[in-house]
Amino acid sequence: MNNDAINKRMTNFRWIICGMLFLATTVNYMDRQLLALTWKDFISPEFHWSNSDYGLISATFGIVYAIANLFSGRIVDWLGTKRGYLWAIGIWSVGAMMHAGCGWATEHVVGLHDTAELVAATGDLAATISMVSVYFFLSARVVLAVGESGNFPSAIKVTAEYFPKRDRAFATSIFNAGSTVGALIAPLTIPTLASWFKNHGVGNGWEMAFVIISLLGFIWMGVWMFLYKDVDHNPHVNDAERAYIRQADAEETSEASDARKLSWGECIRLKQTWAILLGKFLTDGVWWFLLFWTPAFISDVYGYTSDTFTAQMLMFTLYAISMLSIYGGKLPTIFINRRGGTAYDNRMRAMFIFALFPLFGLLAQPLGRTSVWLAIILIGIMAAAHQSWSANLFSVGSDLFPKGAVGTITGMNGMAGGLASFLINIGAGYLFDYADKTQLAFMGFQGKEAGYFIIFCYCAVAYLLGWICMKSLVPTYKPVK
């Protein structure tokens with residue numbers, strides 16, 4: 001059956017499923033951004049946190065996320081897509097809501113009665129409040145990380161089930177754009193919610209922001225429970241659409257190979273695995289840094305707190321620019337249509353192009369001395385390049401590995417990204433405190449600004465390093481059989 005005949009008659013339910021993946025990823029990143037957008041201006045004054053405290057909490061999220069990803073892919077392969085996704089989003093929504101109780105728990109342990117007493121504390125009492133609150137937030141962050149580790153293995157597995165190889169990067173770029181949309185919506189809603197509830201005397205405001213945003217995950221679960229069925233048993237998918245989904249690309253492996261499951265031990269011995277892991281490890285820390293530290297960067301360097309209109313517009317602009325990444329997954333398809341060849345080889349061509357754009361990040365802070373908007377625009381270009389790179393990197397896994405191993409390899413991929421998150425967050429926290437204390441000088445910047453510029457220098461070259469590693473290990477298309 002030719003594609004023209006299929007296109008005339010087939011349903012398009014796969015795009016509804018893709019929309020659900022997009023919404024789940026949007027909620028995922030809003031939950032993830034809650035702490036980043038409230039710690040500096042709402043939580044830190046209450047619990048007397050330093051940059052190192054926040055860095056430790058963010059880094060712990062990253063390392064737990066990394067370890068959980070190692071298992072989440074296997075669990076999703078075992079549970080199946082529907083149940084695996086339900087468990088993942090349920091756990092992370094509970095974890096997000098747990099943050100709201102950290103203030104009450106801290107008050108109970110240290111023997112204080114309200115937020116005002118926490119804020120007014122000094123000396124040893126303030127140090128105790130900081131320590132106790134950090135432990136409570138760490139606990140909530142661990143639960144959040146365990147649940148969120150299931151999002152991308154589940155979403156990539158769904159994409160492999162509902163889309164042919166030629167369309168997977170585009171579908172992945174669409175649902176992966178949910179991370180950008182979540183990060184886009186978050187600065188406009190979370191600080192505003194926190195300020196509104198604070199002004200109305202509901203705690204310190206940030207608690208209800210956590211509660212309200214976490215409820216979105218439970219709503220998604222209700223829709224997914226009734227909407228999702230596998231391709232063979234979904235009444236919304238007709239035979240023509242099934243035929244399109246299962247069409248054989250030039251590089252498609254056999255059905256027997258697609259059914260093949262690989263152990264961790266088998267995967268770790270493969271060059272294909274190390275190419276993906278290194279590509280993820282070297283670059284994913286950039287996104288985590290932008291996600292968790294950009295609000296603090298705007299506050300520390302330019303003096304705009306997260307609940308001000310200017311800060312919200314700056315964050316909105318940054319992530320609006322990064323929405324350009326939705327076209328990043330389409331570029332390999334354009335190359336295939338024009339030049340032919342395998343999905344992998346064309347994907348690597350596209351990823352080299354995306355690896356060049358982060359170099360603009362080297363100019364962000366120098367030009368930011370003229371205008372903060374110039375800095376944010378260049379950081380936005382870096383963010384867009386990352387998301388385009390990331391969408392294609394996810395699809396490399398389904399290019400090179402059989403469907404039965406997609407969840408596993410995506411989980412290992414997430415582990416590498418989580419490890420990168422751990423290192424960059426804990427390193428940034430200590431670096432910023434050290435730079436501020438010693439007034440470190442670097443390339444014309446001093447204090448915290450020097451610390452930020454050091455991190456941005458790494459972010460600018462990370463993708464070229466990642467691409468070189470991937471190309472060296474797997475220079476041309478070589479699928480695992």
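Helices (H or I, at least four residues) and strands (E, at least two) are DSSP runs, numbered from the N terminus. The structure shown is a predicted model, in which local features need pLDDT of at least 70 and side-chain atom pairs count only at pLDDT 80 or more, while totals for chains, interfaces and linings use all residues. Residues are numbered from 1 along each chain as its sequence is written, and side-chain values use heavy atoms, with hydrogens and water left out.

**Figure 1. Ile336 in helix H16.** Ile336 is found in helix H16, which spans residues 331-339. Its relative accessibility is 16%, so Ile336 counts as buried (buried means under 20% relative accessible area, exposed over 50%, and partly exposed in between, with a 1.4 Å probe and protein chains only). Ile336 is in contact (heavy atoms within 4.5 Å) with Gly341, Thr342, Ala343 and Asn346, leaving aside neighbours within four places in sequence. Between the C-alpha atoms of Ile336 and Arg166 the distance is 8.5 Å, although these residues are 170 apart in sequence.

**Figure 2. Arg349 in helix H17.** Helix H17, made of residues 343-356, contains Arg349. This arginine, Arg349, has a relative accessible area of 34% and is therefore partly exposed. The side chains of Arg349 and Asn346 are joined by a polar contact of 3.0 Å. A polar contact is a pair of N or O atoms within 3.5 Å; within protein, one must be able to donate a hydrogen and the other to accept it, and residues adjacent in sequence count only if both atoms are side-chain atoms. When neighbours within four places in sequence are set aside, Arg349 is in contact with Phe335 and Arg339. Pro332 lies 17 residues from Arg349 in sequence, and their C-alpha atoms are 7.7 Å apart. Asn346 appears both as the polar partner of Arg349 and among the contacts of Ile336.

**Figure 3. Gln312 and Met315 in helix H15.** Gln312 lies in helix H15, residues 309-322, and Met315 lies in helix H15 as well. Gln312 counts as buried because its relative accessibility is 10%. Met315 counts as buried because its relative accessibility is 2%. Not counting neighbours within four places in sequence, Gln312 is in contact with Pro187, Leu188, Pro191, Thr192, Ser306 and Asp307. With residues up to four places away likewise excluded, Met315 touches Gln33, Pro187, Thr294, Pro295 and Ile298. Pro187 thus belongs to the contacts of Gln312 and to those of Met315. The C-alpha atoms of Met315 and Asp399 are separated by 34 Å, with their positions 84 residues apart along the chain.

**Figure 4. Asp284 in helix H14.** Asp284 has its place in helix H14, residues 271-302. A relative accessibility of 7% means that Asp284 counts as buried. The side chain of Asp284 makes a polar contact of 3.0 Å with the side chain of Trp288. Apart from residues up to four places away in sequence, Asp284 touches His386, Gly417 and Ala420.

**Figure 5. Two loop residues with positive phi.** Most residues other than glycine have a negative phi. His48 has a positive phi, near 65 degrees, and is located in the loop between helix H2 (13-47) and helix H3 (51-79). Its relative accessibility of 25% is the reason that His48 counts as partly exposed. Met443 also has a positive phi, near 50 degrees; this residue lies in the loop between strand E1 (441-442) and strand E2 (445-446). At 61% relative accessibility, Met443 is classed as exposed.

**Figure 6. The protein chain as context for the close-up views.** The protein chain contains 21 helices and two strands. Among its 481 residues, 60% count as buried. Contacts between residues 24 or more positions apart make up 83% of those with a separation of 6 or more. Along the principal axes, the C-alpha atoms fill a box of roughly 75 × 50 × 40 Å. The radius of gyration of the protein chain is 22 Å, which agrees with the value near 23 Å for a compact globule of 481 residues (taken over C-alpha atoms, with a globule rule of 2.2 Å times the number of residues to the power 0.38).
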